[in-house]
Amino acid sequence: MPGVTAPERRYVITFGCPDRTGIIARISGFLAEHGGWIVEAAYHTDPDTGWFFTRQVVRADSLPFDADGLRARFGEVAAELSAESNWQVSDTGERRRAVILVSKAGHCLYDLLGRVASGELEVDIAAVIGNHESLADITRAHGIPFHHVPFPAGGKAEAFEHVRKLVGEHDPHAVVLARFMQILPADLCREWAGRAINIHHSFLPSFIGAKPYHQAHTRGVKLVGATCHYVTADLDAGPIIEQDVIRVGHGDSVEDMVRKGRDIEKVTLARGLRWHLENRVLVHGNRTVVF
């Protein structure tokens with residue numbers, strides 16, 4: 001579009017290693033040695049685990065090599081600091097891709113599609129996969145392929161294998177479970193580790209099972225919340241990316257609580273996905289550092 005300036009291309013380094021003196025000096029010294037212009041830097045030391053974390057953003061045009069060249073050279077620094085596999089270099093010039101998994105509830109999908117269409121969320125939705133056809137029309141209205149994969153009784157393993165192949169065709173940076181009401185098998189949790197993102201209400205573990213909002217209304221809860229987290233084989237217990245709450249009152253009906261719950265789920269998922277795509281989330285064990 002005329003008058004619109006393309007965003008400056010940047011390389012993002014995320015890094016974690018056992019804490020010790022001299023880490024910041026070593027990283028910044030390496031970047032300075034090659035002319036790296038740091039435009040953003042964040043640090044955190046976790047006293048409980050003794051680990052150091054950082055996120056460094058560097059202007060791509062300030063370095064004499066591309067992202068692969070930066071990875072190769074920075075790998076030596078990472079090895080020296082015992083980072084092992086706890087680091088990565090991402091390129092903002094590489095467009096991010098996501099695949100969304102859905103069932104019948106559409107509030108999170110509608111929200112994400114709207115944010116992408118308006119340019120608020122910089123990601124290409126490569127496909128939407130649903131175990132029901134309820135959300136096919138809205139998906140296709142946005143020019144995005146919709147794949148219906150039924151999950152019949154006794155045929156879930158085959159269905160998940162189909163989903164795995166569909167997702168693999170796009171090699172997405174994120175697999176978003178936007179109220180997808182199927183439990184991922186352990187092998188998919190491993191394959192999509194650090195990429196699969198889920199959203200759910202924060203009544204767990206207090207109100208388990210069917211009609212959690214009805215249970216919460218009966219108990220007179222005052223807060224409705226949502227949790228966005230990475231998916232692991234431990235159901236709803238993966239590393240948390242983002243959480244938020246909204247107040248409810250004695251005058252709110254179950255329907256009011258459900259509506260407010262959907263509102264907070266949409267916002268929380270959008271934030272968590274954005275931070276993941278911007279490489280702001282570092283996972284260590286079952287905890288996260290979000291820069």
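This passage describes the overall form of a predicted model of a protein chain and then the surroundings of selected residues.

The secondary structure of the protein chain consists of eight helices and 13 strands. The chain has 291 residues and a radius of gyration of 21 Å; a compact globule with that number of residues would have a value near 19 Å, and the two agree. The C-alpha trace spans about 60 × 45 × 45 Å along its principal axes. Of the 291 residues, 46% count as buried. The accessible surface comes to about 14500 Å², and carbon and sulfur atoms account for 52% of this surface. Contacts between residues at least 6 apart in sequence were also examined, and 68% of them join residues at least 24 apart. The protein chain carries 32 positive and 36 negative charges, and the mean positions of these two sets are 4 Å apart.

Helix H8 covers residues 254-277 and so has 24 residues. From its first C-alpha to its last, helix H8 reaches 34 Å, close to the 34 Å expected at 1.5 Å a residue. Asparagine 279, just after H8, takes a positive phi of about 55°.

Two residues that touch each other, cysteine 108 and arginine 179, were considered together. Cysteine 108 belongs to helix H3, which runs over residues 107-117. Its relative accessible area is 0%, and cysteine 108 is therefore buried, since the limit for this class is under 20%. Leaving aside neighbours within four places in sequence, the contacts of cysteine 108 are Ala178, Arg179, Ile199, Glu265, Lys266 and Leu269. Cysteine 108 and aspartate 263 are 155 residues apart in sequence, while their C-alpha atoms are 8.8 Å apart in space.

Arginine 179 is found in the loop between strand E8 (174-177) and helix H6 (186-191). Despite its place in a loop, arginine 179 is buried, because its relative accessible area of 18% is under 20%. Its phi is near 65°, which is a positive value in a residue other than glycine. Beyond its neighbours within four places in sequence, arginine 179 is in contact with Ser103, Ala105, His107, Cys108, Ile199, His200, His201 and Glu265. Ile199 and Glu265 appear in the contacts of arginine 179 and also in those of cysteine 108.

Aspartate 236 also has a positive phi, near 55°, and is likewise a residue other than glycine. Aspartate 236 is placed in the loop between strand E10 (223-230) and strand E11 (240-247). With a relative accessible area of 31%, aspartate 236 is partly exposed.

Histidine 217 is located in helix H7, residues 212-219. The relative accessible area of histidine 217 is 35%, and the residue is partly exposed because this value lies between the limits of 20% and 50%. Not counting residues up to four places away in sequence, histidine 217 touches Asp252, Ser253, Val254 and Met257. Two of these contacts, Val254 and Met257, have numbers that fall within the range of helix H8, residues 254-277. Histidine 217 and valine 123 are separated by 94 residues in sequence and by 37 Å in space, C-alpha to C-alpha.

Strand E13 (residues 287-290) contains arginine 287, and valine 289 lies in strand E13 as well. Arginine 287 is partly exposed at a relative accessible area of 48%, whereas valine 289 counts as buried at 14%. The contacts of arginine 287, apart from neighbours within four places in sequence, are Asp46, Asp48, Pro239 and Leu282. Under the condition that neighbours within four places are left aside, valine 289 is in contact with His44, Phe53, Arg280, Val281 and Leu282. Leu282 is thus listed for arginine 287 and for valine 289.

Both residues of strand E13 were also compared with a partner elsewhere in the sequence. Arginine 287 and isoleucine 240 are 47 residues apart in sequence and 6.7 Å apart in space, C-alpha to C-alpha. Valine 289 and phenylalanine 53 are 236 residues apart in sequence, and their C-alpha atoms are 7.7 Å apart. Phenylalanine 53 is also one of the contacts of valine 289.

Conventions
Residues are numbered from 1 along each chain as its sequence is written. This is a predicted model: local features need pLDDT of at least 70, side-chain atom pairs count only at pLDDT 80 or more; totals for chains, interfaces and linings use all residues. Side-chain values use heavy atoms; hydrogens and water are left out. Helices (H or I, at least four residues) and strands (E, at least two) are DSSP runs, numbered from the N terminus. Buried means under 20% relative accessible area, exposed over 50%, partly exposed in between (1.4 Å probe, protein chains only). Contact means heavy atoms within 4.5 Å. The radius of gyration is taken over C-alpha atoms; the globule rule is 2.2 Å times the number of residues to the power 0.38. Accessible areas come from the Shrake-Rupley method with a 1.4 Å probe; for residues, only the protein chains shown count as cover. Lys and Arg count as positive and Asp and Glu as negative; His and the chain ends are not counted. The place of a charge is taken as NZ of Lys, CZ of Arg, CG of Asp or CD of Glu. The expected span of a helix is 1.5 Å times one less than its number of residues.
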